[in-house]
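Colleague: Please take one part of this model and look at it closely, beginning with whatever backbone detail deserves a comment and then working inwards. I would like the cut-offs stated as you go.

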Amino acid sequence: REQGQKADQLPGYRRIDDPVARAHIASVWGIPEEEIPGPGRSAYELLDEMGRDGGVRALFLMGSNPVVSAPRALHVEERLRALDLLVVTDFFLSETAALADVVLPSAQWAEEEGTMTNLEGRVILRRRAMDPPAGVRTDLEILMAVAERLGRGEHFAFANAEAVFEELRRLV
C-alpha cells in the first residue's frame, strides 16, 4: 500500500484524485499526468467480480495466496475458478497456485534482495542469502519482463533493488 497498490491511492498514501499528488508522481515517473488513472475498484470488489461479465477475466498473481488469506476464502476460490486464465508465480504449489492454468517459478524471499515495509511503516532491507536456481526469476525480473511485453519496459528498467528503492524514496 505504501507504493500505491490501493485503487484510490498513489505511492506514499497520496490520494489518487489529489492534483498536487498526481503531478508529483507523474514527474517522478516521467509520464503525462493524464496517464495516471482515477480511483478504481477495491481489491475485494475486484476479487468478487472475477469471472463475471464486466469483471476481471484473467489474473496474473504474484506473492499472494488469496484462497487462504482473503476474507470469504471459499467465495474467492469460486471466483478464481471462474476466470478464463489464472497465472500464478510462486516458489511452491500453494492453494491458489493449484487452481492456476499456468504456474511460473519465482525466487523465494531468501533468494531476492529488496525491501519490505512492516506494519509500523518501517522499511526493512532484505539481503539475498543465496542465488535462485537456474531459470528462476526474482519478482523484479518478472515485473520488468511483463512491463516490457506490455510495451512499457522503459518505465520499469531497474538495474537492481537499490534503484527501485531510490524511485520509491523520491515518490514518498
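Modeller: Y13 counts as partly exposed, because its relative accessibility is 45% (buried means under 20% relative accessible area, exposed over 50%, and partly exposed in between, with a 1.4 Å probe and protein chains only). This is a predicted model, in which local features need pLDDT of at least 70 and side-chain atom pairs count only at pLDDT 80 or more, while totals for chains, interfaces and linings use all residues. Residues are numbered from 1 along each chain as its sequence is written, and side-chain values use heavy atoms, with hydrogens and water left out.

Although Y13 is not a glycine, it has a positive phi of about 60°, and it lies in the loop between β1 (9-10) and β2 (14-15); here helices (H or I, at least four residues) and strands (E, at least two) are DSSP runs numbered from the N terminus. R72, likewise not a glycine, has a positive phi of about 55° and sits in the loop between α3 (66-69) and α4, where R72 is exposed, with a relative accessible area of 51%.

Moving inwards, the part I would look at most closely is the open sheet, in which three strands run in the order β3-β4-β5 with parallel pairing (two strands pair if DSSP finds at least two bridges between them). The edges are taken by β3 (58-62) and β5 (102-105), each of which has a single partner strand, so one side of each is left without a neighbour in the sheet. From one strand to the next the twist averages 15°, where axes are lines fitted to C-alpha atoms, for helices over the stretch in contact, and angles run from 0 to 180 degrees between N-to-C directions. Helix α5 (residues 139-149) packs on this sheet and touches β3, β4 and β5, its direction making about 150° with that of β3; contact means heavy atoms within 4.5 Å.

Strand by strand, β3 and β4 (residues 85-90) pair over five bridges in the parallel sense, with A58 opposite L85 and F60 opposite V87. On the other side, β4 and β5 pair over four bridges, again in the parallel sense, and the bridge partner of V88 in β5 is V103. Five of the six residues of β4 are buried, so this strand is largely enclosed by the rest of the structure.

The largest nonpolar core has 12 residues, among them L47, M50, L61, V76, L86 and V88 (a core is a set of buried Ala, Val, Leu, Ile, Met, Phe, Trp, Tyr and Cys residues joined through side-chain atoms within 4.5 Å). Both α4 (73-81) and β4 supply at least two residues each to this core. Leaving aside residues up to four places away in sequence, V76 touches L47, M50, P66, A70 and P71. Apart from this core lies another, of 10 residues, including I16, V28, I36 and L171.

As for the setting of the sheet, the chain has six helices and seven strands. Of the 172 residues of the chain, 31% count as buried, and its C-alpha atoms fill a box of roughly 40 × 40 × 35 Å, taken along the principal axes.
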